[in-house]
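Me: Please take a close look at a single part of this model, one helix, and describe it in a connected account.

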Amino acid sequence: MSTDERTNPLRDPKDRRLPRIAGPCALVMFGVTGDLAGKKLLPAVYDLANRGLLPPGFALVGFGRRDWSDEDFRELMHTAVKERARTPYRADVWEQLARGVRFVQGAFNDDEGFARLKETLVDLEESIGTGGNHAFYLSIPPGNFDDVVTQLRKHGLAGNRANRWSRVIIEKPFGHDLDSARELNRIVGGVFPPESVFRIDHYLGKETVQNMLAVRFANQMFEPIWNNNFVSHVQITMAEDIGIGGRAGYYDGIGAARDVIQNHLLQLMALTAMEEPNNFAAEELRAEKRKVLAASSTPADLAAHTARGQYLGGWQGGQKVRGYLQEDGIDPGSQTETYAAIRVDVDNRRWAGVPFYLRTAKRMPRRVTEIALLFKRAPHLPFTDTDTVQLGQNALVMRIQPDEGVTMRFGAKVPGTAMEIREVSMDFGYGSAFTESSPEAYERLILDVLLGDPPLFPQHEEVELGWQILDPVLDYWAGLDSQPEGYASGTWGPASGVEMLARDGFTWRRP
């Protein structure tokens, strides 16, 4: 066995000595000229090939309106690989992969373009040996889904046939509210069966998200206190230190809540709060997550238990930055929030009375995503107030990015003759604990699609339950006459976000 195979983190769960290698197939990317493809998807495909997880019978087809040749697309991909791949560049791997790289010119509603796509896929089946298996990655606006899936069905590319499969991969957002999500599900579900639809949430591919299940269910020390008897509240944060960049066309009108809370943070909440599944099969995991989401709602007083804001101009990282309303392409009167925080209550036996606080924002002091369980204070402390002046709440913090790991915060005695208790941390980091590298989220998710392995992908029921939780908040905000509250770039958000927790007697922990 080679060194690459021994250190490969994407192994076959049935035999950990073996890598999970995809079978012959073609991956077709719509929206291949966008940022996501260049920064994440194309490098991830190369990294999978470099790890030996793609077969010789693998092909990658880009579909777009640009007047490109196959060689033009190969050059774009080559540049993306050289700049952003996580594994070392190897000429032999690239040359093998490039043999199956093609580009098809066409618009999403273009009959001739999809006819050329079908011809290309038939040719790849003969020349590369893809076996007639196809995965279609829709990294495009939801408004174009109908055109694309209709064309795929019209040209005979969408149906599963004997010994052949056809799958569709959908990028968020999954609609902009409950009604639009149901309509998207109707459109896609009319062409692809549920088991062939993979809704990408790249946070579910993060190693720490899955390690959270191991922390809970493989260790007797945590599960007994993972409930309302011991947990005071839960904070789930996704903070970014950047602005919207060149994404004004996508972001304005969408906002932080739709972009992050509805999918990423509610999925993280469901994984945090769910009961132990019978096993880790896809339907078992989904069933437990659905129970949590179905039991979840926002409080009736949304004015007191939600907060929204927009970043203002200022200084961040030693550089002067513009406010949201001064960004290129943003309407000066835009009411789109770049900071969103909500309280969610889970009405079941385990979590009744434990608020879950979800927040996300841009232009914060640092980039971090974490899940923090804050525990109740000890019922009796046999110390004086001066002994414990620096003692906070016990906490279990799961860091998802950028430095994946787990931190425990607890009180310990300061060395010396006096009895002084101070809060300290015990830290576990993936990078220092394991010699194996953690796969990039898109590597794992793309491989799971090609293998037909569904556990990490939310089904339409979870998507719709997420909108049922968030829609009342969005409707309430839409009815406000005022702009979102401003907050200075490089700070932890508006005053209303702090006040939201203060009303419940809590404060945001500083990541």
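Reply: The account below concerns helix α5, from its ends to its packing. The model is predicted, so local features need pLDDT of at least 70 and side-chain atom pairs count only at pLDDT 80 or more, whereas totals for chains, interfaces and linings use all residues. Residues are numbered from 1 along each chain as its sequence is written, and side-chain values use heavy atoms, with hydrogens and water left out.

Helix α5 comprises the 17 residues 111–127; helices here are DSSP runs of H or I with at least four residues, strands are runs of E with at least two, and both are numbered from the N terminus. At 1.5 Å a residue, α5 should span 24 Å, and its end C-alpha atoms are indeed 24 Å apart; the expected span is 1.5 Å times one less than the number of residues.

At the N-terminal end, D110 acts as the cap, with a side-chain oxygen 3.1 Å from the backbone nitrogen of E112. After α5 comes G129, whose phi is positive, near 90°.

The helix has buried residues, namely G113, F114, L117, T120, L121 and L124. Viewed down the axis of α5, these fall within an arc of 110°, so they line one face of the helix; the arc is taken from the directions from the helix axis to the C-beta atoms. On the other side, E112, E119 and E126 are exposed. Buried means under 20% relative accessible area and exposed over 50%, with partly exposed in between (1.4 Å probe, protein chains only).

The buried residues of α5 pack against strands β3 (25–30), β4 (58–64), β5 (101–105) and β6 (134–138), and against helix α6 (145–154), where contact means heavy atoms within 4.5 Å.

Conventions: Polar contact = N/O pair within 3.5 Å; in protein donor to acceptor, adjacent residues only side chain to side chain.
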